[in-house]
Amino acid sequence: MNEIKAYTVVEGGSITAPKGFTSGGLHCGLKKTDRNDLAAILCEVPATAAAVYTTNVFQAAPLKVTRESLANGVLQAVIVNSGNANACTGEQGEADAYEMRAAAARHLGVNELDVAVASTGVIGELLKMDCVRSGIAGLPEKLDEGAAGAEEFCQAILTTDLVKKECCVKVLVGGEEVTIAGAAKGSGMIHPNMATMLGFMTTDAVIDGEALLTLLRTATNSTFNMITVDGDTSTNDMLVAMASGLAGNEKLTRLHPDWDAFAAAFIHVCKTLAKAIARDGEGATKLIEVQISGAVHDEAAGAIAKTVVGSSLVKSAIFGADANWGRIIAAVGRAGVPVSPERVDISLGEIEVLKQSRPVAFDEEKALHYLQKSDTILITVALSDGDGTATAWGCDLTYDYVRINAAYRT
């Protein structure tokens, strides 16, 4: 484990690392391939829980069911499928989501209202419920508290993702070791305002429910809400956090002396997952990180950062290794927030390309080498309007993105 600030990152850690959690997955027939497409997380006790959801007006049936389950701030299980979003499926889709919840509760031995439901995949097609029913019946024997169960879970939630996304950290709370972990999926239709993005976080902390929800919202705003792949916000985005309370620490609230340490650890997990989603954008070859400083306030900085990292022209230039700062400053100027147009500095990595809104002579070969050889491209934009800062993440726009999405349904 590597020491990072007040918490340590657990190499190889997973969503089952916190005390009380098991997970697993299997293939039930929703996907055309034999990849896993149904999974569950189970807590041995009712867990304090919270969630955030997509702001898309068209919200998939599972979100309605999960909101209902979370009305009392408690969950004990999550059932999730990939291959079918169960979105825009009308009354039948809602009935299917409720049936998923009931079946999961029955087979996992928990209260029906303590089950969350999540789905991801193609929009507008009804679930193959015969496959779902048989799959849920087989899930209990697949649940495991070790790495195997977590691996099967992570594989089951993927769609066009090329890699799984997970993170785990430990932090001391009142002398007790607390573990926080997360797993997520997302590669395309990513522009969260909570993308097709699903995230699941587990912790064994004893924590106040309102404090958990507040932290989840705060963490989401600076991490998952600061990534973009293609500017599209999904109908199914959901991030769920569950706290088993089995670490035995004194209950965490925002007044607890170790709250800041716990919050930093929690946000680290969210940031790691968010960056992994951006890096795995459909067809992507580069992770792009945009750092804004000197904006009138943080919200303005955030708007500029997401505008730059989401610009198709900027993304295309990065793919083509073209140090075209004109596309960057144009994106800054159309972000819809106040900017002093004569006082903007821009750099690509360590290469300064614009100073006080005037071109700087730079080594084109050095810039080409940086853009071609670096896995992560850093764009920094310094303004002179205030103390606002923000960071956003995205990826380059490649030929493969078009290929993948031109035939996503077929």
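Start on the surface of this predicted model by selecting Asp 322, Asp 363, Glu 364 and Glu 365, which gather there in a patch of negative charge. Keep Glu 365 highlighted and show the cartoon: this residue belongs to helix H10, which covers residues 364-373. With a relative accessibility of 58%, Glu 365 counts as exposed, because the cut-off for that label is over 50%.

Next, turn to the strands. Colour E11 to E16 and follow the open sheet of six strands in the order E14-E13-E12-E15-E11-E16; the pairing is mixed. Now pick out its two edges: strand E14 (358-359) and strand E16 (388-395) each pair on one side only.

Stay with the E14 edge and add strand E13, residues 351-355. E13 and E14 run antiparallel, joined by two bridges. For a close-up of this pair, show Lys 355 and Arg 358 as sticks: Lys 355 stands opposite Arg 358, the latter in E14.

For the last stop, move to the loop between strand E5 (74-84) and helix H2 (90-108), where you will find Asn 86. Which sign does phi have at Asn 86? It is positive, about 45°, although Asn 86 is not a glycine. Is Asn 86 buried or exposed? Asn 86 is buried, its relative accessible area being 0%, so it falls under the 20% limit for that label.

Before leaving the loop between E5 and H2, select Cys 88, which has its place there. Check its backbone too: Cys 88 has a positive phi of about 55° and is not a glycine.

Conventions: Residues are numbered from 1 along each chain as its sequence is written. This is a predicted model: local features need pLDDT of at least 70, side-chain atom pairs count only at pLDDT 80 or more; totals for chains, interfaces and linings use all residues. Side-chain values use heavy atoms; hydrogens and water are left out. Patches are made of residues with over 30% relative accessible area and no salt bridge: like charges are joined within 9 Å, nonpolar side chains (Val, Leu, Ile, Met, Phe, Trp, Tyr) within 5 Å. Accessible areas come from the Shrake-Rupley method with a 1.4 Å probe; for residues, only the protein chains shown count as cover. A salt bridge is a side-chain nitrogen of Lys or Arg within 4 Å of a carboxyl oxygen of Asp or Glu. Lys and Arg count as positive and Asp and Glu as negative; His and the chain ends are not counted. The place of a charge is taken as NZ of Lys, CZ of Arg, CG of Asp or CD of Glu. Helices (H or I, at least four residues) and strands (E, at least two) are DSSP runs, numbered from the N terminus. Buried means under 20% relative accessible area, exposed over 50%, partly exposed in between (1.4 Å probe, protein chains only). Two strands pair if DSSP finds at least two bridges between them.
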